[in-house]
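This briefing is meant to be read with the structure open beside it. Please look at the picture first, and then follow the topics one at a time.

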Amino acid sequence: MSEPAFAHRAVLLEEAVAALAVRPDGTYLDATFGRGGHSRAILQQLGPAGRLIAFDRDPQAVAAAHAIKDPRFVIEHAHFSELERVLDRLAVGQLQGVLADLGVSSPQLEDASRGFSFRADGPLDMRMDPTRGVSAADWLATATEQQIREAIGGYGEERFAKQVAKAIVDARAREPLVRTEQLAAVVAAAVRKRETRREVGQNPATRTFQALRILVNRELEEVALMLPQAIRRLAPGGRLAVIAFHSLEDRLVKRFLRACSEDRLPPDLPIRARDLPQAPLRIAGKARRASAVEIAANPRARSATLRVAERTGAVFNESILHSIGPEPWRS
């Protein structure tokens with residue numbers, strides 16, 4: 001049986017590729033191939049000596065990437081956290097640009113068999129890479145009520161996390177929660193007992209499904225592990241462009257870029273010394289968001305935020321990361 005075709009539009013396509021300031025002879029990493037919108041646009045700007053490496057943790061995305069028959073392009077089934085290990089295996093040194101489009105893709109959301117969405121019934125899986133890790137159903141079957149509450153409250157920012165967690169534990173005592181439809185119904189019943197108003201058009205299960213997806217895929221941890229590796233691999237003048245879709249990952253990216261771009265010299269140093277580049281990154285413009293035209297054509301772009309930074313010649317001292325504070329997945 002062939003894989004169903006699901007339309008996917010790369011978000012902030014022109015803005016993200018322009019932010020990379022692609023050099024024809026450069027080497028670039030698209031850390032989330034998806035269905036290749038960004039990768040194809042980068043390839044169009046590369047010359048014969050250019051090179052593009054793409055990652056994706058989803059085997060279906062990797063299979064789709066094999067349709068690109070271009071000697072300058074290679075696809076790798078890899079997670080963000082494996083960035084340097086994979087580049088070492090490919091004998092790739094410094095990069096001129098890294099693009100990371102975070103979060104879930106439209107094909108993942110729209111394929112009921114993947115279990116990401118409450119809009120259609122399917123197995124409660126939610127793994128971006130079904131070959132690794134624990135499914136959402138398996139995690140919910142063994143997690144304590146407190147663990148479920150913390151996950152839904154922390155990752156989903158659900159104000160009724162306590163009530164939802166109790167409802168899930170009560171429901172699984174009656175029967176295993178293995179289908180998206182089951183979980184959505186349990187959450188909806190728990191939330192609707194306590195409120196009549198929520199964001200316009202938002203399903204009561206939205207935050208719980210987001211939380212479980214982030215947890216199952218270790219999304220924040222993966223981003224946190226990827227960002228320092230990207231800096232280490234970027235050549236001076238290279239660009240890092242990150243597209244985030246929800247507040248937790250955008251907050252993490254923002255804090256990281258800010259910490260790595262601040263001048264940390266004592267304020268009483270002579271002007272000449274202070275003029276030397278000291279931070280490993282330089283913020284490249286303001287955060288960018290999708291236009292009204294793009295949002296009308298692709299509603300998923302509504303929550304997207306693009307942040308861009310440029311690598312300086314300064315040494316990247318990882319002690320900088322201590323200034324960021326507690327990791328959001330532990331706070």
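Helices and strands are here taken as DSSP runs, with at least four residues for a helix and at least two for a strand, and they are numbered from the N terminus. Counted in this way, the secondary structure of this predicted model comes to 14 helices and 8 strands. Of the 331 residues in the protein, 54% are buried, where buried means a relative accessible area under 20%. When contacts between residues at least 6 apart in sequence are considered, 69% of them join residues at least 24 apart.

**The cavity**

- The structure holds 1 cavity of 30 Å³ or more, and the volume of this largest cavity is about 350 Å³.
- The largest cavity is lined by 30 residues, and those closest to its centre are Thr32, Asp56, Asp101, Leu102 and Gly103.
- When the lining of the largest cavity is sorted by class, it has 10 nonpolar, 10 polar and 10 charged residues.
- Two of the helices, α2 (37-45) and α11 (219-233), each supply at least two residues of this lining, and α11 gives the most, with 3 residues.

**Helix α2 and its surroundings**

- Besides its part in the cavity lining, helix α2 has buried residues, which are His38, Ser39, Ala41, Ile42 and Leu43.
- These buried residues of α2 pack against one helix, α1 (13-19), and against the strands β1, β2 (51-56), β3, β4 (95-101) and β5 (234-244).
- Ala41, which lies in helix α2, counts as buried because its relative accessible area is 15%, below the cut-off of 20%.
- Leaving out residues up to four places away in sequence, Ala41 touches Leu13 and Val17.
- Ala41 and Glu14 are 27 residues apart along the chain, while their C-alpha atoms are separated by 8.2 Å.

**Glu76 in strand β3**

- Glu76 is found in strand β3, which covers residues 73-77, and with a relative accessibility of 11% it counts as buried.
- The side chain of Glu76 is joined to the side chain of Arg89 by a polar contact of 2.5 Å.
- If its neighbours within four places in sequence are left aside, Glu76 is in contact with Ala54, Phe55, Asp56, Val62, Val86, Arg89 and Leu90.
- One of these contacts, Asp56, is also among the residues closest to the centre of the largest cavity.

**Aromatic pairs**

- How many aromatic pairs does the structure hold? There are 2 of them.
- One pair, formed by Phe33 and Phe73, is tilted, with 5.9 Å from centre to centre and 45° between the planes.
- Phe33 lies in the loop between β1 (27-30) and α2 whereas Phe73 lies in strand β3, so this pair ties together parts that are 40 residues apart in sequence.
- Both members of this pair, Phe33 and Phe73, are buried.
- Another pair, formed by Phe118 and Phe209, is edge-to-face, with 5.4 Å from centre to centre and 85° between the planes.
- This pair links distant parts of the chain, 91 residues apart, since Phe118 lies in the loop between α5 (106-110) and α6 (136-142) and Phe209 in helix α10 (residues 206-217).
- Phe118 counts as buried because its relative accessibility is 17%, and Phe209 likewise counts as buried because its relative accessibility is 3%.

**Ser247 and Glu158**

- Is Ser247, which lies in helix α12 (residues 247-259), partly exposed or buried? Ser247 is partly exposed, because its relative accessible area is 33%, and this falls between the cut-offs of 20% and 50%.
- The side chain of Ser247 makes a polar contact of 3.0 Å with the side chain of Glu157.
- Ser247 and Thr305 are 58 residues apart in sequence, and in space they are 9.4 Å apart, C-alpha to C-alpha.
- Glu158 is located in the loop between α7 (145-155) and α8 (161-174), and at 4% relative accessibility it counts as buried.
- The side chain of Glu158 reaches the backbone nitrogen of Phe160 at 3.0 Å.

Notes: Residues numbered from 1 in each chain as written. Predicted model: local features only at pLDDT ≥ 70, side-chain atom pairs only at ≥ 80, totals over all residues. Heavy atoms only, no water. 1 Å grid on protein atoms, 1.4 Å probe; cavity = no way out; pocket = protein on both sides within 12 Å on 5 of 7 lines; lining within 4 Å. Points joined across faces, edges and corners; volume = space filled by probe spheres on them. Nonpolar A, V, L, I, M, F, W, Y, C, P; charged D, E, K, R; others polar. Buried < 20%, exposed > 50% of the residue type's maximum accessible area, 1.4 Å probe, protein only. Polar contact = N/O pair within 3.5 Å; in protein donor to acceptor, adjacent residues only side chain to side chain. Contact = heavy atoms within 4.5 Å. Phe/Tyr/Trp six-rings, centres within 6.5 Å; stacked < 30°, edge-to-face > 60°.
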